[in-house]
Amino acid sequence: MSSSVMLVREHESGGVQELPLRPGPKKKRGPSRAKAGRFTPGVLLLPALVILAVVIGWPLVQLFVMSFQEFGRAQVFGAPAPFVGFDNYTKVLSDPQFWAVLLRSVLFCLANVITAMVLGTLVALLMNRVNRFFKVLVSVGLLLAWAMPALTATIVWGWMFDTQYGVVNYLLEAVTGQDFTNHSWLIDPFSFFVVATIIVTWGAVPFVAFTIFAGLTQVPEEVLEAAQLDGAGGWKRFRLIVFPYLRSIFVVVIILQVIWDLRVFTQIFALQGIGGIKEETSTLGVYIYQTSLGKGDYGTGGAIAVIMVILMVSISLVYVRRSLKQEES
Amino acid sequence: MNTMRKTTLAVTALGVTAALALAGCAGGSSSGGNTDAAATGDIRVWLNGTDTPQAARDYLKTTFESEHPGSTLTIEEQAWTGLVDKLTTNLSGSDSPDVVEVGNTQAAAFTSAGAFLDLTDQYDALGGSDLLPGFVEAGSYDGKFFAAPYYSGARLVFYKKDLLAKAGLTVPTTLDQYISNGVALAAANPGVSGIYFPGQDWYNALPYIWENGGEIATQSGATWTSSFSSPESIAGLKQVQEVMTKASVAPKDGNETDPQVPFCEGVIANLSAPSWVKGSILAPADAKAPGCPDQEANLGVYALPGKSGGAAHVFAGGSNIAVSAKSAHPELAKDALAIMLSDDYQTILGKAGLVPAKVSLASTIGTDDVAKATAEAAANAKLTPASPKWADVEASGALQDFFVAIGQGGDVTALAQALDQKIDGILNS
C-alpha cells in the first residue's frame with residue numbers, strides 16, 4: 001500500500017477525486033506529465049497542512065479538552081486536571097455576564113464593519129478618481145496606517161484621548177469654547193466604544209480601501225460611460241453597475257471584517273488599561289483573557305473560547321463556500 | 001526614632017515566631033547545592049517597574065558575573081500591570097525566567113501552584129529570622145518557604161508646603177482632618193486636587209476601610225467572606241467617595257502610574273503614593289522620566305494619619321523574590337537570589353527609600369522625613385487577605401471597576417454588595 005491515498009477532495013463533477021501523495025510503484029516509462037499533475041496539488045498542500053495542524057490544530061485540540069476540565073493555575077504548573085463534563089459550559093451559558101459580552105461584541109462588530117466598509121469604499125472611489133500624485137499620496141497614507149501595529153496605534157490614540165493631557169480635549173475646548181477639562185472619554189461605555197471604533201476603523205479602512213480599489217479597476221470603463229450618457233448619476237452608477245461587478249469582493253471583505261472585529265482584542269485590552277470600566281467594556285476576546293489568565297479559570301475560559309471558535313467557524317464557512325464558488329465560476 | 005525601635009522590636013518578635021515555625025519544616029533537606037557549581041549558564045532576572053534602583057541592578061550583575069566566571073546575568077524589566085498573567089504563562093513555559101520578583105499579595109497564587117522552587121533549606125542562609133516576617137509568610141505555603149522577601153514599601157503622603165500654608169492649614173493629625181484639608185484645598189485652588197485620587201488606585205482606598213474598622217475579607221474555616229458591604233467598610237468607602245468627588249480632580253478612571261507628572265505640573269496638593277515616588281518627583285528635569293527637582297524645598301511628607309491620630313493602617317506594599325521551578329540553572333539562580341538578599345544589595349535598596357528585606361537593615365533608609373514617615377507608616381501597615389486566590393481577585397480588575405464606579409458617585413452600598421458577591425465567588429471557587 002505504498003501508493004495509499006491520503007487526500008480526497010470533491011471534484012467539480014460532484015464525484016470524488018483521489019489524490020495520491022507519493023508516486024506509485026514506478027512504471028516503466030516514468031511518471032507522465034499528466035500523472036505528475038494529479039498528485040502535485042496534494043504534495044504542495046502537505047507542508048502547509050502539517051504547519052496548520054501543529055500550530056493551529058494541536059492548540060485547538062488542547063483547548064477543546066481543557067474546556068471539559070477543571071483547569072486552574074495549579075494545573076498550569078502540572079497538577080492533574082480532573083474532567084468535569086459540561087460543567088464549564090453550563091457555567092458559561094447560565095452566566096448573564098457572558099450574554100452581555102456576546103451582545104456587546106456583536107453590536108461592536110456590526111458598528112465597526114459598517115463604518116469600515118463605508119469609509120473604505122469611499123476612499124477607494126476617491127482613489128479611483130484622483131490623479132496619480134494623490135493616488136500615491138493616499139496609498140502611502142493608508143499603508144502607514146495599515147503597517148502600524150495595533151498596540152502602538154492604541155497607545156497613541158489613548159494619549160490623544162487622555163483625560164488630563166489629551167490633545168482631543170484641548171482642541172475641542174479651543175474650537176467649541178466648551179469646558180472639556182478632564183473630560184474622560186473612556187469612563188462611559190458608549191464613549192469608550194466610540195473611541196475603540198475610531199481606532200479599529202482607522203486600522204481596518206486601508207485593507208477595505210485597497211481591496212475595493214483593486215476591484216474598481218476591473219469595472220469596464222465603457223459600461224460606466226454608457227450609463228453616464230444615459231443620464232445615470234454617481235450613486236445610481238455605483239448601485240447598479242459598480243456594486244454588482246464587485247459583489248463577491250464586498251461579500252468576502254465583509255466576512256473578513258466580521259471575523260476580525262468579532263475577535264478584536266488588542267485595542268480593547270489596551271484601552272481598558274488606560275481607563276474605563278472593564279466589566280462594562282469587555283468584548284469576547286478580552287473576556288476570555290480575563291476569565292482564563294485574570295481569574296485563573298482556564299477551564300471556563302476554554303469553554304468560552306470553544307463557543308467563540310464555533311461562532312467563527314460558522315461565519316468562516318460562508319466565506320469558504322463563497323470563495324469556492326468563485327473559483328468554479 | 002522611638003516608633004522605629006518599637007517597630008523593629010515587634011517585627012523581630014514576629015520574625016522569631018515565623019522562624020520557629022519554619023525551622024520545623026526545614027530539617028532534613030539541607031543537602032542540595034554545590035553539586036553543579038562549576039556549571040555555567042545565562043540567568044534571566046525579572047524585576048518589575050522602576051522600583052529597583054539602577055545602582056542595585058548594576059551591583060547584582062557585576063557581583064554575580066565576577067563570582068561565576070563564564071555565566072551571565074540579564075535583568076529584564078516587566079510592567080506591574082498584568083504581572084500575574086505574564087508570570088503564569090512564562091513560568092509554566094520551557095523558556096522560563098530564572099529569578100522573578102512578584103508582588104507580595106500575588107506571591108500566594110504561585111507558591112500554592114508549585115511555580116517556585118522550594119527554598120526552605122536556604123531560609124537560614126538568606127537571613128532567617130532577620131527577614132521581614134509578613135513577607136516570609138506571604139512567600140510560604142504549606143509549611144515550605146518559596147519566595148524570599150525582597151523589599152517593602154509604605155504609602156506616604158507627599159504635599160506641597162506652600163499650598164498648605166497659603167490655605168492656612170497644618171499637617172493633619174487625623175484621617176478626618178486629612179479629608180477636610182483635601183476638600184478645602186481643592187475648593188481654594190480650582191483645577192487642583194486637594195488629595196489626588198485616580199479611580200483605579202484601589203490600594204489607596206484600603207486605609208479608609210481599615211481605619212473605620214472594616215476588613216477586605218474574613219476567613220472562617222475554609223470559607224472567605226468579602227466584607228466591603230459591612231457597615232464599617234461602607235463608612236470608609238463613603239469617605240473614599242467624598243475624597244474622590246470633592247477633593248480630587250484626577251481622572252475618575254485613571255490609574256496611579258506616573259503621579260509625578262501632575263504633581264510637578266502643580267495640580268496636586270496631597271499625593272498618597274509609595275515612598276520611592278519621591279525619587280520620581282525629584283528626578284532631573286532632563287531625565288527620561290523628568291521630575292521637578294526645583295520643588296525639593298517645597299516638598300513635604302507625612303504618614304497618612306489614622307482615624308484617632310497616629311499612623312493609619314496603610315497597605316503594606318512590597319515584593320517577594322523567587323526562583324522559577326522550571327529554571328534551567330536552579331543553583332545559579334539561587335546564587336543570584338542570595339546576592340539580592342545580601343546586606344550590600346539590600347543597603348542600596350534602603351538608601352533608595354525602599355524598606356529592606358532584613359529587619360537589621362531598617363536603619364539604612366536614613367533619617368530624613370521620608371525615612372521617618374516610612375517607619376511610622378510601616379509600623380501600622382496591613383496586608384490583603386492571605387488567600388492563594390487573592391491574586392485572582394486583583395487580576396480580575398473587579399477592584400478597579402468598583403472604585404471607578406465609586407468615583408463617579410455611584411451608590412456605595414449597592415456597589416459594595418455586588419463586589420462582595422464577585423469576590424466571594426473568586427475566593428471560594
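These exercises work through a predicted model with chains A and B.

**Exercise 1. Confidence**

Task: Find where confidence in chain B is lowest and where it is highest.

Solution:
- Start with the chain as a whole. Chain B has a mean pLDDT of 87, and 91% of its residues reach 70 or more.
- Now go to the elements. Helix 1 (residues 2-26) of chain B has the lowest confidence in that chain, at a mean of 44.
- Helix 10 of chain B has the highest, at 97.
- Check the start of the chain. Over residues 1-37 of chain B, pLDDT stays under 50. The model has 42 contacts beyond four places in sequence for these residues.
- End with the scores for the model: ipTM is 0.74 and pTM is 0.79.

**Exercise 2. A helix that falls short**

Task: Compare the span of helix 10 (residues 234-262) of chain A with that of a straight helix of 29 residues.

Solution:
- Take the straight case. At 1.5 Å a residue, 29 residues would span 42 Å.
- Take the model. The end C-alpha atoms of helix 10 of chain A are only 33 Å apart.
- Look for a bend. Helix 10 of chain A bends by about 60° at Arg247(A).
- List its buried residues. Among them are Val242(A), Leu246(A), Val253(A) and Leu262(A).

**Exercise 3. An enclosed helix**

Task: Explain why helix 17 (residues 398-407) of chain B counts as largely enclosed.

Solution:
- Count the buried residues. In helix 17 of chain B they number 10 of 10, so the rest of the structure largely encloses this helix.
- Name some of them. They include Leu399(B), Phe402(B), Phe403(B) and Ile406(B).
- Find the packing partners within the chain. These are helix 10 (231-247), helix 16 (390-396) and helix 18 (412-427) of chain B.
- Cross to the other chain. The buried residues also pack against helix 12 (278-281) of chain A.
- Look just past the helix. Gly409(B) follows helix 17 of chain B and has a positive phi, near 90°.

**Exercise 4. Where the chains touch**

Task: Describe the side of chain A that touches chain B.

Solution:
- Count the residues. Contacts join 22 residues of chain A to 25 residues of chain B.
- Name the elements. Helix 2 (73-76), helix 12 and helix 13 (284-294) of chain A each give two or more residues to this side.
- Sort the residues of this side of chain A. Seven are nonpolar, 11 are polar and four are charged.

**Exercise 5. Two domains in chain B**

Task: Locate the two domains of chain B and describe how they meet.

Solution:
- Read the bounds from the domain assignment. Domain 1 covers 2-153 + 317-371, and domain 2 covers 155-315 + 385-427.
- Place the domains. Their C-alpha centres lie 28 Å apart.
- Count the contacts. In chain B, 15 residues of domain 1 touch 18 residues of domain 2.
- Name the elements on the domain 1 side. Helix 3 (83-92), helix 4 (107-111) and helix 15 (369-379) of chain B each supply at least two residues.
- Sort that side of domain 1. Six residues are nonpolar, six are polar and three are charged.

**Exercise 6. Burial and long-range contact**

Task: Decide whether Thr105(B) is buried or exposed, and name what it touches.

Solution:
- Place the residue. Thr105(B) sits in the loop between strand 3 (99-103) and helix 4 of chain B.
- Apply the cut-off. A residue is buried if 20 or more other C-beta atoms lie within 10 Å of its own. Thr105(B) has 24, so it is buried.
- List its contacts more than four places away in sequence. They are Leu383(B), Thr384(B), Trp390(B), Ala391(B) and Glu394(B).
- Look at one pair. Thr105(B) and Thr384(B) are 279 residues apart in sequence, yet their C-alpha atoms are 6.5 Å apart.

**Exercise 7. Two positive phi values**

Task: For Asn182(A) and Asp142(B), give phi and place.

Solution:
- Recall the usual case. Most residues other than glycine have a negative phi.
- Take Asn182(A). Its phi is positive, near 55°. Asn182(A) lies in the loop between helix 7 and helix 8 (189-216) of chain A. It has 16 other C-beta atoms within 10 Å, so it is partly exposed.
- Take Asp142(B). Its phi is also positive, near 55°. Asp142(B) lies in the loop between strand 4 (140-141) and strand 5 (144-145) of chain B. With 9 other C-beta atoms within 10 Å, Asp142(B) is exposed.

Technical notes. Residues numbered from 1 in each chain as written. Chains lettered and ligands numbered in written order. Predicted model: local features only at pLDDT ≥ 70, side-chain atom pairs only at ≥ 80, totals over all residues. Buried ≥ 20, exposed ≤ 12 C-beta atoms within 10 Å, placed from the backbone. Helix = DSSP H or I, 4+ residues; strand = E, 2+ residues; numbered from the N terminus. Contact = placed C-beta atoms within 7 Å. Expected span 1.5 Å × (residues − 1). Bend = angle between axes of the 7 residues up to and from the residue. Nonpolar A, V, L, I, M, F, W, Y, C, P; charged D, E, K, R; others polar. pLDDT = per-residue confidence, 0-100. Domains from an automatic or database assignment.
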